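Please look through the model shown below with its two kinds of contact in mind, those between chains and those within a chain. The paragraphs that follow take them in that order and then turn to some details of the backbone.

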Protein chains: 2
Amino acid sequence: MQIAPRTNAAVSADVVIFTIYEGRLSVLLVRRVTAPYAGLWCLPGGLLDEGEALDDCAQRVLLEKTGIQGVYLEQLYTFGQPGRDPRGRVLSVAYYALVPYDRLHVRGGVERLDWFPEDELPPLAFDHRQIVGAARRRLVGKLEYSTIALQFMPEEFTLSSLQGVYETILGERLDKRNFRKRLQALNCLEDTGKRYSGGKHRPARLYRAKSPGEVRIIK
Amino acid sequence: MQIAPRTNAAVSADVVIFTIYEGRLSVLLVRRVTAPYAGLWCLPGGLLDEGEALDDCAQRVLLEKTGIQGVYLEQLYTFGQPGRDPRGRVLSVAYYALVPYDRLHVRGGVERLDWFPEDELPPLAFDHRQIVGAARRRLVGKLEYSTIALQFMPEEFTLSSLQGVYETILGERLDKRNFRKRLQALNCLEDTGKRYSGGKHRPARLYRAKSPGEVRIIK
């Protein structure tokens, strides 16, 4: 007993890999060398293999392009408009990943791979601009009601640097006192007992996430 | 120039159709008559056609099973675990739809189609129980930060009946005064000037949604 597909669709996982790079929300792009859209930038992606789960395909793309595993990766949306790929029917199951800036292996300038600020992207191949837009909206939405921002942080960080990440993604300044109250209510951080004295201000406390891998939804 | 799929996957759109039926959050199911899982209930679904957009496929499923169009329909998640369908690789692009209870054409008991309370589902075929669970979580989440609950309402309704819908979905009682304050802040309703006098209480004001089709995200 077999199910006969009514389309001969290929399936790819395309991953919007976000980081905070030089103080800006940035996306990792690949320059295409072959048609269609040769010379344009696009999202890292790969075709789904026989017997491969969707999440595993996205993990594989992430690992191949950045050398990183074990970061936050979430399925975003499936893009399947006919005609979105001139070569034939391709469904893109889009994912987004958040990479802490201290774990970046690809720091830009690598052959065919580079980071671009999300608000200054070059023209992208296919419908990838739309996919990045959807990923950014999901991220901004989750920032409001989850602890997702911690996924961008190194193991130990100051509250100011965490606030900076929120401000970078939201594109607005936050009131320091309100921000700290909100954080306290979340009860997601613990004091390391150490202090960071790199800046020109007095040494600031270093915190770490209580459950580093977990993204908690705030009710 | 052709893209060669590395899987021979079929793609289906499966739709979790929610309504509030007899005061309970309910899901429309179809009884399977053929193998696999003959005799079990499953979500209404259909295979993606050549040249058909995913959203159009989901709309078609909804129209075929309920005779309804123009209701809230949102892509949920793509389920693609190898082995989820014993007949071969099938990706299910899952959607959920919200149908106002006064527009139900299928009131249950129709051949092969019936409504089931979401918390008392029969055993479902495939991974459809998991899909319903994901849809319910998305709905509950959106209830907190959007005007999505209005999609369940008839054209004119009382505030008590709207509160009832929230309570039904959340599975908890809400404080009437807080609920009305929150609604007022949303500024999504307008007074019809009419009153509903069907109950045993004094006649209650009838409201309507200011933008019936729109689901507004609350910041």
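In this predicted model, the area buried between chain B and chain A is about 3,600 Å², and carbon and sulfur atoms give 57% of that area. The contact brings 39 residues of chain B together with 39 residues of chain A. As for polar interactions, the rule finds 0 salt bridges across the interface of chain B and chain A, whereas 5 residue pairs are in polar contact there, counted with both residues at pLDDT 80 or more.

Which elements of chain B give two or more residues to the side that touches chain A? They are strand S1 (10-21), helix H1 (54-66), strand S5 (72-79), strand S6 (90-98) and helix H2 (128-145) of chain B, and of these S5(B) gives the most, with 4 residues. Sorted by class, this side of chain B has 21 nonpolar, 8 polar and 10 charged residues.

The two chains are also related by symmetry. A turn of 180° with a shift of 0.0 Å along the axis lays chain B on chain A with an RMSD of 0.0 Å, which means that the relation is that of a two-fold axis. The same surface serves both copies, since 100% of the contact residues of chain B recur in chain A.

Turning to a single chain, the secondary structure of chain A comes to 4 helices and 9 strands, and these follow one another along the sequence in the pattern β-β-β-β-α-β-β-β-α-α-α-β-β. The C-alpha atoms of chain A fill a box of roughly 65 × 40 × 30 Å when this is taken along the principal axes. Chain A is divided into domain 1, residues 10-144, and domain 2, residues 148-209, and the centres of these two domains of chain A, taken over C-alpha atoms, are separated by 27 Å.

How do the two domains of chain A meet, and what is the count of residues on each side? Domain 1 of chain A brings 19 residues to the contact and domain 2 of chain A brings 14 residues. The area buried between them is about 1,400 Å², of which carbon and sulfur atoms give 73%. On the side of domain 1 of chain A, A:Ile20, A:Tyr101 and A:Leu143 supply 40% of the area that this domain buries against domain 2 of chain A, more than any other three residues. Between the two domains of chain A the rule finds 0 salt bridges, and the count of residue pairs in polar contact, both at pLDDT 80 or more, is 2.

The elements that give two or more residues to the side of domain 1 of chain A that touches domain 2 of chain A are strand S1 (10-21), strand S2 (24-31), strand S6 (90-98) and helix H2 (128-145) of chain A. H2(A) gives the most to this side, with 6 residues, and by class the side has 12 nonpolar, 2 polar and 5 charged residues.

Some backbone details remain. The peptide bond from A:Ala35 to A:Pro36 is cis, with omega near -5°, and A:Pro36 lies in the loop between S2 and strand S3 (41-42) of chain A. In chain B, a cis peptide bond likewise joins B:Ala35 and B:Pro36, with omega about -5°, and B:Pro36 is found in the loop between strand S2 (24-31) and strand S3 (41-42) of chain B. B:Tyr37, which has a positive phi of about 65° although it is not a glycine, lies in the loop between S2 and S3 of chain B.

Conventions
Residues numbered from 1 in each chain as written. Chains lettered and ligands numbered in written order. Predicted model: local features only at pLDDT ≥ 70, side-chain atom pairs only at ≥ 80, totals over all residues. Heavy atoms only, no water. Domains from an automatic or database assignment. Contact = heavy atoms within 4.5 Å. Buried area = accessible area lost by both parts, 1.4 Å probe. Salt bridge = Lys/Arg side-chain N within 4 Å of Asp/Glu carboxyl O. Polar contact = N/O pair within 3.5 Å; in protein donor to acceptor, adjacent residues only side chain to side chain. Nonpolar A, V, L, I, M, F, W, Y, C, P; charged D, E, K, R; others polar. Least-squares fit on C-alpha atoms with pLDDT ≥ 70 in both.
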